[in-house]
2 protein chains.
Amino acid sequence: MIAVDWGTTRLRAYRLDADGAVLERRDGGEGALSCAGRHAQALAALIAGWDDGAIVLCGMVGARGGWREVPYVDCPADAVQLAAALLPLQDEDLPDRKLWLVPGMADHTRSVPDVMRGEETQVAGLLDTLDAGEHTVCLPGTHSKWVRVESGRITSIATAMTGELFALLRTHSTLGRLMESAQHDRFDAAAFDDGLARSAQPGGFSHHLFGVRSLGLFGRWPDEALPSYLSGLLIGHEVRALAASSSAPVHLLGGDALVDAYARALAALGIASIRHAETLGATGMHRLVRLRGIA
Amino acid sequence: MIAVDWGTTRLRAYRLDADGAVLERRDGGEGALSCAGRHAQALAALIAGWDDGAIVLCGMVGARGGWREVPYVDCPADAVQLAAALLPLQDEDLPDRKLWLVPGMADHTRSVPDVMRGEETQVAGLLDTLDAGEHTVCLPGTHSKWVRVESGRITSIATAMTGELFALLRTHSTLGRLMESAQHDRFDAAAFDDGLARSAQPGGFSHHLFGVRSLGLFGRWPDEALPSYLSGLLIGHEVRALAASSSAPVHLLGGDALVDAYARALAALGIASIRHAETLGATGMHRLVRLRGIA
């Protein structure tokens with residue numbers, strides 16, 4: 001089968017064997033929300049030569065404005081329920097292929113709803129390896145997802161816009177102008193830890209942000225260290241608010257640099273972390289296909 | 001005398017009588033940090049015809065990158081100390097005029113420093129009217145300042161980047177894209193109050209921000225109401241973190257719409273507010289000139 005993780009900025013396809021092991025991987029350049037009407041062509045070009053097996057797609061490709069909108073599955077739900085909600089798709093640009101879209105998930109259990117698209121598939125790839133207790137899974141990114149798993153079911157979702165906030169502040173703010181000399185953000189562990197510690201102090205997020213400027217103004221950190229300080233401050237606020245209730249280790253899924261940063265922030269709170277491979281999305285799609293009984 | 005409030009984006013000049021009453025006001029277009037080498041010409045053009053009296057300037061005009069950098073006066077300091085630190089200036093484009101720059105203030109009393117330039121002058125205009133007790137003054141804006149006054153001395157400064165954050169999110173973020181139909185941000189009191197209430201809930205700032213998106217996604221607030229919700233959320237976080245320790249009324253100085261919003265947020269926390277006129281900056285400069293004994 002072919003497993004495709006197609007997000008806002010990233011298109012990644014895996015060819016899997018019958019047991020779900022990755023035989024080959026290809027990366028494409030088209031974001032799922034920016035190729036309206038051309039999804040089938042873009043996918044056909046990427047997987048040229050991978051001529052058999054079902055094609056399963058997860059991520060923003062199933063969002064409004066993507067290839068086709070797949071309704072959210074509500075929390076709580078397990079992998080069987082996700083598999084039952086796979087949406088079949090036919091497209092004349094991919095004749096004779098069976099396509100399936102994985103639904104996103106919505107959390108209406110609290111006063112403000114939350115959602116995810118793509119991350120539920122990565123968590124589905126993890127579920128088999130977790131015991132029946134309670135688990136917290138964190139998927140850092142532009143929009144970090146904190147997913148709660150209880151007895152094999154996904155029970156809640158909390159999203160933090162931390163990555164987007166960092167990019168906004170780095171690119172467009174008065175803080176970003178201080179950092180202009182720091183062209184390539186080299187990780188500065190001491191500055192990151194100082195930002196992390198600052199997030200525990202009173203004054204609030206918006207006041208702490210201004211501190212980045214005054215620390216730079218008085219030379220307390222050189223301009224090149226300010227991006228790491230800002231990163232520690234932002235991740236510290238997120239982790240403190242969303243992981244503080246966890247005593248069990250947090251499962252981390254994502255790119256190495258971000259996972260390193262989140263593991264460091266969790267460790268500062270006395271919370272252990274367990275890292276998982278980014279290919280869990282492919283594992284999850286394989287699992288959903290098996291549960292659905294798709295050839 | 002002539003009192004000039006010259007900030008990053010705003011130039012405003014007042015002609016005052018001997019008692020400090022405003023006789024006339026003029027607004028110019030040049031920001032203090034964007035007219036390097038042309039400050040004297042810009043000022044001369046604005047105050048043409050106001051031919052006598054000392055000229056006092058406060059705000060970013062005295063910052064690095066302004067007309068001339070004036071060193072910060074450290075907290076705690078009273079109006080006498082601020083007056084003693086007025087920096088005299090001569091410029092050949094304004095011959096025969098005495099110019100004085102008001103210093104900004106810095107707060108090194110806590111682990112992270114803080115600063116202000118311009119707001120100290122507005123607070124100086126207020127000091128005469130306050131009793132010898134403790135007072136909190138809030139000056140909302142792009143960078144809101146929370147200034148503590150004790151026994152007639154300015155003892156601490158806390159800045160929150162709330163206004164800049166709102167503009168960043170409104171203009172450049174995924175939240176801003178949801179609000180594209182809300183061209184003119186009309187104040188929606190119910191949405192503002194809902195954002196305000198959200199700021200009291202667990203989950204943290206960055207998670208609450210994502211809620212703006214999911215509330216819009218599920219139609220819980222129409223797109224046109226989202227800017228007010230976001231404003232309530234941001235101001236709520238700021239006020240909760242920086243005013244929560246205050247039981248006495250908070251003194252508010254600023255433009256009407258912002259002061260209304262902050263007063264509403266304070267009231268939701270059970271904190272009263274006292275509003276002051278924006279001309280307090282001119283009053284403050286008049287007071288500093290008198291204390292310094294300038295004609």
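This passage walks through one strand, the domains of chain A, a pocket and a nonpolar core.

The structure is a predicted model, in which local features need pLDDT of at least 70, side-chain atom pairs count only at pLDDT 80 or more, and totals for chains, interfaces and linings use all residues. Residues are numbered from 1 along each chain as its sequence is written, chains are lettered from A and ligands numbered from 1 in the order in which they are written, and side-chain values use heavy atoms, with hydrogens and water left out.

A good place to begin is strand E1 of chain B, residues 2-6. Helices (H or I, at least four residues) and strands (E, at least two) are DSSP runs, numbered from the N terminus. Five of the five residues of E1(B) are buried, so the strand is largely enclosed by the rest of the structure; buried means under 20% relative accessible area, with exposed over 50% and partly exposed in between (1.4 Å probe, protein chains only). In a regular strand, side chains alternate between the two faces of the sheet. In E1(B), B:Ile2, B:Val4 and B:Trp6 lie on one side and B:Ala3 and B:Asp5 on the other, all of them buried.

E1(B) has strand partners, where pairing requires at least two DSSP bridges between two strands. With strand E2 (residues 11-16) of chain B the pairing is antiparallel, over five bridges, and four residues separate the two strands in a hairpin. Here B:Ile2 has B:Arg15 as its bridge partner. Strand E4 (residues 55-58) of chain B runs parallel to E1(B) and is joined to it by four bridges, with B:Ala3 partnered by B:Val56.

Chain A is divided into domain 1 (2-131 + 279-292) and domain 2 (162-276), with bounds from an automatic or database domain assignment. Their C-alpha centres lie 31 Å apart.

What lies between these domains? The largest nonpolar core does, because both domains of chain A give residues to it. Such a core is a set of buried Ala, Val, Leu, Ile, Met, Phe, Trp, Tyr and Cys residues joined through side-chain atoms within 4.5 Å. Of its 44 residues, A:Leu169, A:Leu209, B:Leu169 and B:Leu209 touch the most other members. Helices H4 (162-172), H7 (205-217) and H8 (226-243) of chain A, together with H4 (162-172), H7 and H8 (226-243) of chain B, each supply at least two residues of this core.
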